[in-house]
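Reader: I am in my first year and still learning to read structures. Could you pick one part of this one and go through its side-chain contacts slowly, with the cut-offs behind each term?

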Amino acid sequence: MYLKERQKEFDDVKWYDSVAAKWDQCGNYAFCVKCDKERRYPCARAERRYYSKNIRIAIVRRHR
């Protein structure tokens, strides 16, 4: 439920910022570099990834 509520807050902020700037503000926030617009609640997820201190580690294995 957190992502849904946070996304609603972002939508409101983006709306007011867009009206004030007279153009769409989507993609102009610091956390937008982590955005995946194909997923649900993109702004909330991007913010969580941007401020998260977790690092994703991949393991590469050779095929035999």
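Author: What follows is a close look at one helix and the side chains that meet it.

This is a predicted model, in which local features need pLDDT of at least 70 and side-chain atom pairs count only at pLDDT 80 or more, while totals for chains, interfaces and linings use all residues. Residues are numbered from 1 along each chain as its sequence is written, and side-chain values use heavy atoms, with hydrogens and water left out.

Start with arginine 6 in helix 1, which covers residues 2-21. (Helices are DSSP runs of H or I with at least four residues, strands are runs of E with at least two, and both are numbered from the N terminus.) Arginine 6 has a relative accessibility of 22%, so it counts as partly exposed. The scale behind that word is this: under 20% relative accessible area is buried, over 50% is exposed, and partly exposed is in between, using a 1.4 Å probe and protein chains only.

The structure holds three salt bridges. A salt bridge here is a side-chain nitrogen of Lys or Arg within 4 Å of a carboxyl oxygen of Asp or Glu. Arginine 6 forms one with glutamate 9, at 2.5 Å from N to O. Both residues are in helix 1, three residues apart, which is about one turn of the helix. Glutamate 9 is partly exposed, at 41% relative accessible area.

Arginine 6 also forms a salt bridge with glutamate 47, at 2.8 Å from N to O. This pair links distant parts of the chain, since glutamate 47 belongs to helix 2 (residues 42-51) and is 41 residues from arginine 6. Glutamate 47 is buried, with a relative accessible area of 14%.

The remaining bridge joins lysine 8 and aspartate 12, at 3.0 Å from N to O. Lysine 8 and aspartate 12 are four residues apart in helix 1, so about one helical turn separates them. Aspartate 12 has a relative accessible area of 34% and is partly exposed. Salt bridges with shared partners join Arg6, Glu9 and Glu47 into one network.

Arginine 6 has a further contact, with a ring. It lies over the face of phenylalanine 10, 4.4 Å from the ring centre. (A charge sits over a ring if NZ of Lys or CZ of Arg is within 6 Å of the ring centre and within 35 degrees of the ring normal.) Phenylalanine 10 is also in helix 1, and at 10% relative accessibility it counts as buried.

That leads to the rings. The structure holds three aromatic pairs. Rings of Phe, Tyr and Trp (its six-membered ring) pair if their centres lie within 6.5 Å; planes under 30 degrees apart count as stacked, over 60 as edge-to-face, and the rest as tilted. One of the pairs is phenylalanine 10 with phenylalanine 31: the centres are 4.9 Å apart and the planes are at 50°, so the pair is tilted. Phenylalanine 31 is in the loop between helix 1 and helix 2, 21 residues from phenylalanine 10, and the pair links distant parts of the chain. Phenylalanine 31 is buried, with a relative accessible area of 9%.

Phenylalanine 31 also pairs with tyrosine 29; here the centres are 5.9 Å apart and the planes are at 5°, so this pair is stacked. Tyrosine 29 is partly exposed, at 22% relative accessibility. Ring pairs link Phe10, Tyr29 and Phe31 into a cluster.

The cysteines come next. The C-alpha atoms of phenylalanine 10 and cysteine 26, 16 residues apart along the chain, are separated by 9.9 Å. Are there disulfides, and how many? With a disulfide defined as a pair of cysteine sulfur atoms within 2.5 Å, the count is zero. The sulfur of cysteine 32 has its closest cysteine sulfur in cysteine 26, at 5.9 Å, which is too far for a bond. For cysteine 43 the closest cysteine sulfur is also in cysteine 26, at 5.8 Å, again too far. Cysteine 32 is buried at 18% relative accessibility, and cysteine 43 is buried at 5% relative accessible area.

Last, return to helix 1, where tryptophan 15 lies. At 57% relative accessibility, tryptophan 15 counts as exposed. Together with Tyr16 and Val19, Trp15 makes a nonpolar surface patch of about 410 Å². Patches are made of residues with over 30% relative accessible area and no salt bridge; like charges are joined within 9 Å, and nonpolar side chains (Val, Leu, Ile, Met, Phe, Trp, Tyr) within 5 Å. Accessible areas come from the Shrake-Rupley method with a 1.4 Å probe, and for residues only the protein chains shown count as cover.
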